[in-house]
Amino acid sequence: MRLTINGEDRIIENAATVADLLAQLNIAATKVAVERNLEIVPKTAYDATRLGEGDRLEIVHFIGGGSGEPELAAAADDSFVVAGHSFKSRLLVGTGKYRDFEETRLAIEESGAEIVTVAVRRVNVTDPSQPMLVDYVDPKKYTYLPNTAGCFTADDAMRTLRLAREAGGWNLVKLEVLGDQKTLYPNMPETLKAAEILIKEGFDVMVYCSDDPIQAKMLEDMGCVAIMPLGSLIGSGMGIINPVNIALIKENASVPVLVDAGVGTASEASYAMELGCDGVLMNTAIAGAKDPIRMARAMKHAVIAGREAFLAGRMPRKRYADPSSPLAGII
């Protein structure tokens, strides 16, 4: 029987059902999601779903998938709370671009992050025994945030997150729909379309968006659980070039606001927190550093310092000098 599996034509013998196919490919059914002819196959239906000549199948898994459950929010502390769940760290990190899985593990540990973003990708059906991030980053220790990195349409983003939920059962997700390859700027019409449908389907959507305060408020009113405007272009390291807009979004929001994209070094992470943001999400700033492990540690302290400075309240700016020591009684 000829099947197309993850984009490759293959001749498969003695595989009448999805369960048979996974067994023949030596793929653990519990670790993947399967789509047959653009329809997700529930895990409970693998044994009953029969394959036919010419079927097109996608078999995907999480890069770093897992099912660690966040704690329910505590009442009176300074925890980061999103969708009713509480976290001590306000730094969220990505899992891509590192030299290898071991470096990824060490960087995440040093960052102190509790939420890590993960992508949905095809399983290597030729060699399903290859190591996965989940083997290095304990899924019981971290909360995995499936995202739609690389999606340029609402339909692709929704398809990706539906597969993610089937693979791991997650409802808390990060939505991003990109406009073009050069800027990776958010496509806001497609983002709004996808967010509305995903929320109706029961997803808790954290959303990457432009720095437009009006559209950010539209996403919140729609039901997004966190708003994530870009500080500057993804992976650019240009820092926060739009602080006024970020501050306006935060001022008008009643859900968490996190800077997502553009941070390049620790001072910029601290600045995001001093603006009043609830957190920062980054990947390249750590993975692209000369010493990712040390930079991860720096980002941890920068986010803490920025949050403390915001809570402490900045001294007012003054036009003229004001001596630190009183002038009265000078000899």
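**Exercise 1. Place T191 and find what touches it.**

Task: Which residues is T191 in contact with, leaving aside its neighbours within four places in sequence?

Solution.
- Step 1. Apply the contact rule: heavy atoms within 4.5 Å. T191 then meets L175, V177, V207, Y208 and L219, once neighbours within four places in sequence are set aside.
- Step 2. Locate the residue. T191 belongs to helix α4, residues 188-200. Helices here are DSSP runs of H or I with at least four residues, strands are runs of E with at least two, and both are numbered from the N terminus.
- Step 3. Check exposure. Buried means under 20% relative accessible area, exposed means over 50%, and partly exposed lies in between (1.4 Å probe, protein chains only). T191 has a relative accessible area of 0%, so this residue is buried.

A note on the source: this is a predicted model, with residues numbered from 1 along each chain as its sequence is written, and local features need pLDDT of at least 70. Side-chain atom pairs count only at pLDDT 80 or more, while totals for chains, interfaces and linings use all residues; side-chain values use heavy atoms, with hydrogens and water left out.

**Exercise 2. Describe the annotated residue K174.**

Task: Is K174 buried or exposed, and in which strand is K174 found?

Solution.
- Step 1. Start from the record. The unreviewed UniProt entry carries the annotation "active site" for K174. UniProt positions are given in the numbering used here, feature names are shortened, and annotations may be inferred rather than shown by experiment.
- Step 2. Find the element. K174 sits in strand β12, residues 172-175.
- Step 3. Read the accessibility. At a relative accessible area of 4%, K174 is buried.
- Step 4. List the contacts. Not counting residues up to four places away in sequence, K174 touches L145, P146, N147, T148, L161, M206, Y208, M228, D260 and L281. Y208 is also among the contacts of T191.

**Exercise 3. Analyse the boundary between the two domains.**

Task: How many residues of domain 1 are in contact with domain 2, and which element gives the largest share of that side?

Solution.
- Step 1. Set the bounds. Domain 1 covers 2-61 and domain 2 covers 80-312. These bounds come from an automatic or database domain assignment.
- Step 2. Take the spacing. The domain centres, taken over C-alpha atoms, are 31 Å apart.
- Step 3. Count the residues. 22 residues of domain 1 contact 14 residues of domain 2.
- Step 4. Read the area. The two domains bury about 1700 Å² between them, with 60% of it on carbon and sulfur atoms. Buried area is the accessible area (1.4 Å probe) that two parts lose on being put together, summed over both.
- Step 5. Look for charged pairs. A salt bridge puts a side-chain nitrogen of Lys or Arg within 4 Å of a carboxyl oxygen of Asp or Glu. One salt bridge is counted between domain 1 and domain 2.
- Step 6. Name the elements. On the side of domain 1 that touches domain 2, β3 (33-36), β4 (39-41) and β5 (56-62) give two or more residues. The largest share, four residues, comes from β5.

**Exercise 4. Compare three salt bridges.**

Task: What elements hold the partners in the pairs R159 and E35, D55 and R36, and D78 and R307?

Solution.
- Step 1. Get the total. The count comes to 16 salt bridges.
- Step 2. Take R159 and E35. R159 lies in helix α3 (residues 154-168) and E35 in strand β3, 124 residues apart. Their side chains meet at 2.3 Å, N to O. R159 is partly exposed at 31%, whereas E35 is buried at 3%.
- Step 3. Take D55 and R36. Their closest N and O atoms are 2.9 Å apart. D55 lies in the loop between β4 and β5 and R36 in strand β3, so the pair ties together parts 19 residues apart in sequence. D55 is buried at 7%, and R36 is partly exposed at 25%.
- Step 4. Take D78 and R307. Their closest N and O atoms are 2.6 Å apart. D78 is in the loop between β6 (71-72) and β7 (80-82), and R307 is in helix α9 (residues 292-312), 229 residues apart. D78 is partly exposed at 34%, while R307 is buried at 11%.
- Step 5. Extend the last pair. D78, R90 and R307 are linked in a network of salt bridges.
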